[in-house]
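Thanks, everyone. Please look at the model on the screen while I walk through it.

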Amino acid sequence: MCGIIGYVGKSNNVGQILLEGLKRLEYRGYDSAGLAIVQDGNLVTEKTAGKIVKLMENLKGYDLSGHLGIAHTRWATHGEPNRINAHPHYDSNMNIALVHNGIIENYLTIKKSLEAEGHKFKSQTDTEVLAHLIEKFYDNRNLEDAVQKALEMVEGTYGLLVISKVEPYKIVGARNGSPVVIGVGDDEYLIASDVAAILKHTRQVIYLEDQQMVVATPDHFNTMTIENEYVEHEIQKIDWDLEMIEKGGFEHFMLKEIFEQPETIRNAIRGRLITETGHARLGGLNLSDLELREVRRIVILGCGTSWHAALLGEYMIEEKARIPVEVEYASEFRYRNPIMEEGTLVFAISQSGETVDTLAALREAKSKGARCMGICNVVGSTIARESEGGVYIHAGPEIGVASTKAFTSQITVLSLLALVLGRMRNISSEEGQIIIKALEMIPDQVSKILETSDRIKEIAEQYHHHNNFLYLGRGANYPVALEGALKLKEISYVHAEGYPAAEMKHGPIALIDENMPVVIICPRDAAYQKILGNINEVKARKGKIMAITSEGNDELIKMADHVIFIPQTLDFLYPILAVLPLQLLAYYIAVMRGCHVDQPRNLAKSVTVE
């Protein structure tokens with residue numbers, strides 16, 4: 001959520017570097033933007049409510065040369081999104097400029113104390129208070145010392161960058177709960193909230209940990225704790241390139257990422273299947289076979305789409321491994337004093353690896369003695385670093401705010417986990433080989449579904465004007481219904497609800513009439529006859545039915561208004577295929593309604609504040 005970028009170095013084109021970085025951060029979600037550059041002993045600054053393109057228009061005619069600067073995209077927490085509340089924020093004398101992701105929880109207490117000392121504030125933000133607090137300790141010689149003293153008084157989360165016109169070749173960054181990554185270049189350093197902002201300039205990065213700072217000048221940098229203890233970091237190399245975060249000819253990132261799923265699913269299983277024994281290898285778990293056999297209970301933590309993936313993991317693991325699984329909203333887990341019994345293994349699922357609620361839940365589980373694993377996409381992310389082990393999903397950068405390829409990759413990895421645990425307990429080598437064969441077919445089957453996108457677009461054309469949708473599924477397809485409804489809500493702003501099909505009679509059936517489109521996931525599985533009963537109940541009330549079913553099931557053609565066929569696969573892998581048409585349906589409806597698909601209102605790619 002939000003985005004920060006700063007630069008110090010040999011280039012004299014700092015303004016362009018900052019604006020390019022901000023453009024790379026647009027996908028994170030924001031409502032205002034701004035920058036500050038140190039130039040000839042002055043702070044050159046501009047900020048605005050609205051998109052970066054508006055900021056760029058306002059900057060026409062500005063001289064944006066210089067060697068030091070910071071910039072920000074804001075997602076409002078304290079104060080409405082307007083120019084005054086936009087970042088950067090400044091001290092009383094316009095010597096210091098600061099950009100900040102996070103929330104300063106005790107800002108009101110600090111603000112009252114500073115006001116009593118004569119400080120006057122212009123904005124409604126918590127961030128401006130931090131700028132004035134740094135001013136209080138600043139001696140115009142040692143910016144990092146002032147930042148350290150200020151942060152000792154602060155409670156809350158922050159990823160922040162600070163510069164001063166008095167020290168025109170120094171940038172100070174700090175992190176606590178909000179990601180900060182340092183890009184190490186040739187006589188230059190870029191510090192940002194996301195690798196995407198700096199990848200054009202360097203692949204060499206360092207990730208700050210919580211309660212750590214960085215001080216950089218064009219020719220060197222130091223990292224230390226807030227208490228000023230030196231910290232040494234290993235430089236990591238980013239293994240994806242800039243082309244991977246370009247649209248590649250697609251109209252939107254979301255559509256590109258939907259069509260990347262055959263390859264991302266291949267990446268999730270590549271090198272992990274052992275066909276001869278019907279097994280899988282997940283070495284990153286850092287658990288021996290004995291330790292895995294001793295697992296008595298699994299808890300999976302997630303938010304949003306990752307929570308839906310966790311629900312599918314519950315079905316998969318319980319079916320194949322017969323281990324009890326609990327799925328928790330990470331945002332609730334940490335506040336209810338959870339019970340972590342001996343033999344409990346915790347998995348935290350997060351695409352970014354920075355989701356603040358999931359990270360906090362992971363830490364809560366660790367504090368209670370649980371062994372904790374991460375399932376993440378971003379290498380080097382905080383959850384990945386703080387977990388004792390885990391699995392990367394290898395989906396590549398996901399720019400669209402509404403997750404698509406990360407979701408199917410998460411499910412794929414969870415199916416591998418179910419296979420690993422199942423082979424140790426409940427399933428034979430022969431069954432394992434059947435699962436592996438089915439998994440190897442999934443990427444080509446996904447490609448086949450994507451070839452039907454025009455058919456799904458035609459359906460969207462008929463229903464894009466509707467403002468309410470109902471999604472139904474049974475068993476493992478209930479989480480698919482939840483995910484389909486979430487996608488529609490996220491990007492088209494259409495009210496949609498996902499329900500277990502059998503629960504329709506317990507309330508939602510009252511909503512069904514000729515104006516209610518109902519999307520039903522109905523594979524030919526053990527619950528097929530039951531789902532047919534639900535279809536008839538919808539038909540009797542004149543609801544419009546869109547059915548997703550397996551190829552060859554022509555029975556539904558006469559019952560449903562629209563049928564989308566997907567390839568046959570094992571029941572427990574069916575959700576990976578069934579979600580594809582729902583992603584496309586949401587995408588096309590959003591486009592037809594004129595919505596901003598990649599940057600839906602009020603949403604951010606990575607939620608890094610509570």
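**Overall build**

The chain contains 18 helices and 26 strands. Keep in mind that this is a predicted model.

Start with the overall dimensions. The C-alpha trace spans about 75 × 55 × 45 Å along its principal axes. Does that fit a globule, and what radius of gyration would we expect for 610 residues? A compact globule of that length would come out near 25 Å, and the chain has 25 Å, so the two agree.

Now the interior. Of the 610 residues, 63% count as buried. Among contacts with a separation of 6 or more, 72% join residues 24 or more positions apart.

And the outside. The accessible surface comes to about 23,000 Å². Carbon and sulfur atoms make up 47% of that surface. On charge, the chain has 62 positive and 81 negative charges. Their mean positions lie 4 Å apart.

**The open sheet**

Next, a sheet to trace. Eight strands form an open sheet, and the pairing is antiparallel. The order is 3-2-4-1-10-9-11-14. Which strands are at the edges? Strand 3, residues 42–49, and strand 14, residues 236–237; each pairs on one side only.

Zoom in on one pair. Strand 9 covers residues 181–184, and strand 11 covers residues 204–207. They run antiparallel and share three bridges. Within this pair, V181 has Y207 of strand 11 as its bridge partner.

As a reminder, strands of a sheet pair through backbone hydrogen bonds, either parallel or antiparallel.

**A parallel pair**

For the parallel case, go to strand 22, residues 468–473. Its partner is strand 23, residues 495–500. The two pair in the parallel sense over six bridges. Y471 stands opposite G498 in strand 23.

Is strand 22 largely enclosed or open? Five of its six residues are buried, so strand 22 is largely enclosed by the rest of the structure.

**One tyrosine**

Last stop: Y169, in strand 8, residues 167–176. Is Y169 buried, exposed or partly exposed? Its relative accessible area is 46%, so Y169 counts as partly exposed, falling between the 20% and 50% cut-offs.

What does Y169 touch, leaving out residues up to four places away in sequence? The contacts are V8, H67, L68, A216, T217 and P218.

One distance to finish. Y169 and Y587 are 418 residues apart along the chain. Their C-alpha atoms are separated by 46 Å.

Key: Residues numbered from 1 in each chain as written. Predicted model: local features only at pLDDT ≥ 70, side-chain atom pairs only at ≥ 80, totals over all residues. Heavy atoms only, no water. Pairing = 2+ DSSP bridges. Helix = DSSP H or I, 4+ residues; strand = E, 2+ residues; numbered from the N terminus. Rg over C-alpha atoms; globule rule 2.2 N^0.38 Å. Buried < 20%, exposed > 50% of the residue type's maximum accessible area, 1.4 Å probe, protein only. Contact = heavy atoms within 4.5 Å. Areas by Shrake-Rupley, 256 points an atom, 1.4 Å probe, with all protein chains shown as cover. Lys, Arg positive; Asp, Glu negative; His and termini not counted. Charge placed at Lys NZ, Arg CZ, Asp CG, Glu CD.
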